[in-house]
Amino acid sequence: MKLVFATNNLNKLKEVQALVPPQIEIVSLADIGCTEDIPETSPTIEGNAKQKIQYIKQNYGMDCFADDTGLVVDILNGAPGVYSARYAGKDKNAKANMNKLLNELTGKENRDAHFKTVIALELNGKQKVFTGICEGTITLKEKGQGGFGYDPVFQPKGYTKTFAELPLLEKNKIGHRGKAVQQLIKFLNS
Ligand code: IMP
């Protein structure tokens, strides 16, 4: 089976490709010649994931899946949440986003947070949604070189390392995207 993963994010592509069995061939947006920025204007993570698959279906006529992810911080009333990518500005700069987050949390004792990934699937005229959540805390400073986005400041529950310090395999096993992808694979195999 060939399925478009509606992302231009090579890190996401790498994470998902590491999880799917070889009988599911993942095709990227670049592979189908889609280089435009797909609109993400919904006020919810679910809404954005659905918006991406609808865009691909309408403009390219292909079955696909898309993920949208947000970092939800309890003491910030759920921010940055659906606005995680543009938290510090529209250029979507990961370093600036992390700096802003660490500044917002200065002096705060409760640093509990979770990542939420929603994967939306468009297949044979039907839509399905899969959700993955990973609980953790925001560290006091950036740690680690791996991963992407907010990984250097997110420490999953039960671990002493950030996602940026953990191997991809480990992040995929316990992480938000990995959990959502496992459900997607189960559905595709059913
Ligand atoms: P989006 O799902 O690409 O819209 O991502 C929203 C924001 O969350 C961006 O700033 C991403 O860099 C960040 N993000 C998405 N997934 C992850 C992850 O697995 N780890 C860390 N940051 C992430």
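**Ligand site**

I began with the residues around the ligand: there are 14, and Lys12, Asp151, Lys171, His176 and Arg177 come nearest. I kept in mind that this is a predicted model.

Next I sorted the shell by residue class. I found six charged residues, four polar and four nonpolar. I then asked which secondary-structure elements each supply at least two residues of this shell. They are strand S3, residues 64–73, and helix H5, residues 176–189.

**Polar contacts of the ligand**

I went through the contacts one at a time. For Lys12, I noted a side-chain N or O atom 2.7 Å from an oxygen of the ligand. Asp68 also puts a side-chain N or O atom by a ligand oxygen, at 3.3 Å. At Tyr150 the backbone is involved: one of its polar atoms is 3.0 Å from a nitrogen of the ligand.

How much of the ligand's accessible area does the protein cover? On its own the ligand has 480 Å², and I read 89% of that as covered. I also checked the pockets. The largest pocket is the space that the ligand takes.

**Salt bridges**

I looked up the salt bridges and got a count of twelve. I picked out Lys12 again, this time with Asp67. Their side chains form a salt bridge, with N to O at 2.5 Å. Where in the chain do the two partners lie? Lys12 is in helix H1, residues 10–17, and Asp67 is in strand S3. The partners are 55 residues apart, so I logged the pair as a link between distant parts of the chain. As a reminder to myself, side chains of opposite charge can pair when their charged atoms come close.

So Lys12 has two entries here: the ligand contact at 2.7 Å and the salt bridge to Asp67.

**Backbone checks**

I turned to the backbone last. Which residues does a cis peptide bond join? They are Ala79 and Pro80, with omega at about -5°. I placed Pro80 in strand S4, residues 80–81.

I also stopped at Lys92. Its phi is near 55°, a positive value in a residue that is not glycine. I located Lys92 in the loop between S4 and helix H3, which covers 94–104.

Notes
Residues are numbered from 1 along each chain as its sequence is written. This is a predicted model: local features need pLDDT of at least 70, side-chain atom pairs count only at pLDDT 80 or more; totals for chains, interfaces and linings use all residues. Side-chain values use heavy atoms; hydrogens and water are left out. A residue is near a molecule or strand if one of its heavy atoms lies within 4 Å of it. A polar contact is a pair of N or O atoms within 3.5 Å; within protein, one must be able to donate a hydrogen and the other to accept it, and residues adjacent in sequence count only if both atoms are side-chain atoms. Accessible areas come from the Shrake-Rupley method with a 1.4 Å probe; for residues, only the protein chains shown count as cover. On a 1 Å grid over the protein atoms alone, a cavity is a set of points where a 1.4 Å probe fits but cannot get out, and a pocket is an open set with protein on both sides within 12 Å along at least five of seven lines; lining residues have an atom within 4 Å of a point. A molecule sits in a cavity or pocket if more than half of its atoms lie within 2 Å of its grid points. Helices (H or I, at least four residues) and strands (E, at least two) are DSSP runs, numbered from the N terminus. Ala, Val, Leu, Ile, Met, Phe, Trp, Tyr, Cys and Pro count as nonpolar, Asp, Glu, Lys and Arg as charged, and the others, Gly among them, as polar. A salt bridge is a side-chain nitrogen of Lys or Arg within 4 Å of a carboxyl oxygen of Asp or Glu.
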